[in-house]
Amino acid sequence: MSTTVSPSAHICEGVRIGSNVVIEDDVYIDNDVIIRDNVYIKKTFIGARCILGEYTSDFFKTHSMGSHQLIIGENALIRSESIIYTDCIIGTHFSTGHRVTIREQSKIGSHVRIGTLSD
């Protein structure tokens with residue numbers, strides 16, 4: 001599978017996009033965001049300097065993302081400097097404060113808010 005970016009997505013300066021990434025319509029990605037392999041982003045806003053699909057501990061042994069995937073549902077608001085690990089599924093209308101960390105294997109439903117500096 002190759003990386004697919006919708007023509008209606010807005011990608012700002014310094015964004016790095018890995019392999020097997022899907023960025024759907026009307027996604028906004030602010031400056032200096034890192035999107036690692038196997039990330040699927042539906043219509044959402046990503047703030048500056050976020051990391052999406054962060055490596056899990058098995059990456060450091062194998063140097064491979066394996067089959068882990070991050071899926072972010074529609075209408076999410078992920079504020080600046082948040083880190084979301086791979087191997088997570090996030091529902092619609094999810095939002096974070098600034099500098100939030102979501103660990104691997106998290107399953108987050110719809111209409112969930114996580115406050116600033118949460119882990």
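Two strands count as paired when DSSP finds at least two bridges between them. Keep that in mind as you open this predicted model, since the tour follows paired strands from one sheet to another.

**Stop 1: the whole chain**

Start with everything shown as a cartoon. The protein has 17 strands and one helix. Its C-alpha trace spans about 35 × 30 × 25 Å along the principal axes. The radius of gyration is 13 Å, which agrees with the value near 14 Å that a compact globule of 119 residues would have. Switch on a surface and you are looking at about 6,200 Å² of exposed area, 48% of it supplied by carbon and sulfur atoms. Buried residues make up 45% of the 119 residues. If you like contact maps, consider the contacts with a separation of 6 or more: residues 24 or more positions apart account for 20% of them.

**Stop 2: the six-stranded sheet**

Now select β1, β4, β7, β10, β13 and β16. In that order they form an open sheet of six strands with parallel pairing. Which strands sit at the edges? They are β1, residues 4-5, and β16, residues 107-108, and each of these pairs on one side only.

Zoom in on the β16 edge. Its partner there is β13, residues 88-90, and two bridges join the two strands in the parallel sense. Show I89 and you will find K107 of β16 standing opposite.

**Stop 3: G109, past the β16 edge**

Move on to G109, in the loop between β16 and β17, the latter being residues 113-114. Is G109 buried or partly exposed? Its relative accessibility is 38%, so G109 counts as partly exposed. Leaving aside neighbours within four places in sequence, G109 is in contact with G91 and T92. Try a distance to G73 as well: the two glycines are 36 residues apart in sequence, and their C-alpha atoms are 9.3 Å apart in space.

**Stop 4: T3, before the β1 edge**

Go to the other edge strand and select T3, which lies in the segment before β1. With 35% relative accessibility, T3 counts as partly exposed. Which residues does T3 touch, not counting those up to four places away in sequence? They are I17, G18, S19, N20 and V21.

Two of these deserve a distance label. The T3 side chain reaches the backbone nitrogen of N20 at 3.3 Å, and it reaches the backbone nitrogen of V21 at 3.4 Å. For a longer line across the model, join the C-alpha atoms of T3 and Y40: they are 37 residues apart along the chain and separated by 9.7 Å.

**Stop 5: the five-stranded sheet**

Next, select β3, β6, β9, β12 and β15. This is an open sheet of five strands in that order, again with parallel pairing. Its edge strands are β3, residues 16-17, and β15, residues 101-102, each of which pairs on one side only.

Walk inward through the sheet. Strand β6, residues 34-35, pairs with β9, residues 51-54, over two bridges in the parallel sense. Here I35 has L52 of β9 as its bridge partner. Strand β9 also runs parallel to β12, residues 83-85, and three bridges join them. On this side, E54 has Y85 of β12 as its bridge partner.

**Stop 6: S80, in the loop before β12**

Stay with β12 and step back to S80, in the loop between β11 and β12. S80 has 17% relative accessibility and therefore counts as buried. Its contacts, not counting residues up to four places away in sequence, are G47, A48, R49, C50, H98 and R99. One of these, A48, offers a distance to label: the S80 side chain reaches the A48 backbone nitrogen at 3.4 Å.

**Stop 7: the nonpolar core**

Finish inside. The largest nonpolar core has 24 residues, and those touching the most other members are I23, I29, I35, I41, L52, L70 and I72. Which elements give two or more residues to this core? They are β7 (39-41), β10 (70-72), β11 (76-78) and β13.

For a last selection, choose I23 and show what surrounds it. Not counting residues up to four places away in sequence, I23 touches T4, V5, S6, A9, I11, I17, I29, I35 and I41. You have already met I35 in the five-stranded sheet, as the bridge partner of L52.

Key: Residues numbered from 1 in each chain as written. Predicted model: local features only at pLDDT ≥ 70, side-chain atom pairs only at ≥ 80, totals over all residues. Heavy atoms only, no water. Helix = DSSP H or I, 4+ residues; strand = E, 2+ residues; numbered from the N terminus. Buried < 20%, exposed > 50% of the residue type's maximum accessible area, 1.4 Å probe, protein only. Contact = heavy atoms within 4.5 Å. Polar contact = N/O pair within 3.5 Å; in protein donor to acceptor, adjacent residues only side chain to side chain. Core = buried A, V, L, I, M, F, W, Y, C linked by side-chain atoms within 4.5 Å. Rg over C-alpha atoms; globule rule 2.2 N^0.38 Å. Areas by Shrake-Rupley, 256 points an atom, 1.4 Å probe, with all protein chains shown as cover.
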